[in-house]
Amino acid sequence: MSVTLSRRQAFKAMIGLGGTAVSALLPAPAQARASSQGHGEEHPEHPVAPTNAIAMLYDSTVCTGCKACMPACNEANGLPSDTLLSGGIWDMPMGLNAKTKNIIELYQDQHSDEFAFVKKQCMHCLDPACVTGCPFGSLVKQDLGAVTWNSSLCIGCRYCEVACPFEVPQFQWQNWNPKIVKCEFCYDQRLKEDMQPACTAACPTGAVIFGKRTDLLATAKERIAATPQKYFENRVYGEHEAGGTQVLYLSSVSFQKLGLPKLGTASFGHYATKVTSVLYKWLAGPVLVAGVFGFFIRRNWERHEAERREHEEKTGFPDQL
Ligand code: SF4
Ligand code: SF4
Ligand code: SF4
């Protein structure tokens, strides 16, 4: 795909020139959305994964919480450690953030000894709402399924963040030219070189493994069949949720306890298409979209400022995220 529109050009055009001019400047994927989406043809409610689609299977019952996958991810992606909460000593993020594309979190029941680890990252949805929602085509679903991000097209509008049902894309609040941060399956760094993602390569227990989605689904179901008492509801999270994802989960506790949302089986890209088809209709959409973005940017900024103040009051550390 040729890239002719810079972030600055796109932003200026959107603010200053109005919808028609912006539409003329929009890169091909966004123009295609503006003209053809809205009837659901490209975004069936229940997408079918290509036979060669890649995936990751994370089995929480095998994860020891060693966190070896976290620095491996940071190193592969050139991300610094998030040492704010550890007083500058070690990587200690509170959740996915501008420095953290992959995190291991601990679920612990307060009234029993029940606990489990969970790996959080982009789910690489089969039909991603972030891709459908991005008006400039800066998020792309690659052939094998990795959802990647093109910084030269991103204007930092955060519409992808609003659209994502898993709350994955993170905004670089402290950057003068902020961008979105999320796992890209190590697409440029490793997949293109025929290497598996850094996190699956680093995992010493096999708790997270990489392969074809069909194979990993079969593996997950074999594990469930072998020890059904071990797995919650005897099912694989991500097989059907939100139309299916390319990161799959097995767990001994409820997926919601792990912080994975309860979602229906319909694709969020399908629903996002219905919204964007209205917004972009008759080329007037971008103006309206700019207003919607403005609303969300303002609302999120106010929320972020409140969280930052609360964080500083609680910890005494300035929030640098
Ligand atoms: S989890 Fe969110 S950011 Fe990742 S592909 Fe799905 S919609 Fe996009
Ligand atoms: S695939 Fe790459 S970017 Fe994504 S979580 Fe794993 S190491 Fe990080
Ligand atoms: S490296 Fe593997 S075992 Fe260790 S925390 Fe990550 S997923 Fe779990």
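Ala, Val, Leu, Ile, Met, Phe, Trp, Tyr, Cys and Pro count as nonpolar, Asp, Glu, Lys and Arg as charged, and the others, Gly among them, as polar. Keep that handy for the exercises below, and bear in mind that this is a predicted model.

**Exercise 1. Find what surrounds ligand 1, and sort the shell by class.**

Step 1: Look for the nearest residues. Among the 14 residues around ligand 1, the ones that come nearest are Cys122, Met123, Cys125, Cys130 and Cys164.

Step 2: Sort the shell. You should get 12 nonpolar, 1 polar and 1 charged. Cys and Met both go in the nonpolar pile.

**Exercise 2. Do the same for ligand 3.**

Step 1: Ligand 3 is surrounded by 14 residues, with Cys63, Cys66, Lys67, Cys69 and Cys203 the closest.

Step 2: Here the classes come out as 10 nonpolar, 3 polar and 1 charged.

Step 3: Follow Cys69 into helix H3, which covers residues 69-77. Cys69 is one of the buried residues of H3, along with Met70, Ala72, Cys73, Asn74 and Asn77. Their packing partners include strand S2 (103-108), strand S3 (115-120) and helix H6 (198-202).

Step 4: Step just past the end of H3 and you meet Gly78, with a positive phi of about 65°.

**Exercise 3. Work out how the buried residues of helix H7 are arranged.**

Step 1: Check the helix itself. H7 runs over residues 213-226, 14 in number, and its first and last C-alpha atoms are 20 Å apart, close to the 20 Å expected.

Step 2: List its buried residues: Arg213, Leu216, Leu217, Ala220 and Ile224. Looking down the axis, you find them within an arc of 105°, so they line one face of H7.

Step 3: Turn to the face pointing away from that buried side. There sit the exposed residues Glu222, Ala225 and Ala226.

Step 4: See what lies over the buried residues. The cover includes strands S1 (54-59), S8 (208-212) and S9 (247-250).

**Exercise 4. Decide which residues of S9 are buried on each side.**

Step 1: Start with the rule that side chains in a regular strand alternate between the two faces of the sheet.

Step 2: Apply it. Val247 and Tyr249 are on one side of S9, Leu248 and Leu250 on the other, and all are buried.

Step 3: Find a partner strand. S1 pairs with S9 in the parallel sense, over 4 bridges, and Met56 stands opposite Val247.

**Exercise 5. Is Glu167 buried or exposed?**

Step 1: Locate Glu167 in the loop between helix H5 (159-163) and strand S6 (170-171).

Step 2: Its relative accessibility is 64%, and exposed means over 50%, so Glu167 counts as exposed.

Technical notes. Residues numbered from 1 in each chain as written. Chains lettered and ligands numbered in written order. Predicted model: local features only at pLDDT ≥ 70, side-chain atom pairs only at ≥ 80, totals over all residues. Heavy atoms only, no water. Helix = DSSP H or I, 4+ residues; strand = E, 2+ residues; numbered from the N terminus. Expected span 1.5 Å × (residues − 1). Buried < 20%, exposed > 50% of the residue type's maximum accessible area, 1.4 Å probe, protein only. Arc of directions from axis to C-beta. Contact = heavy atoms within 4.5 Å. Near = heavy atom within 4 Å. Pairing = 2+ DSSP bridges.
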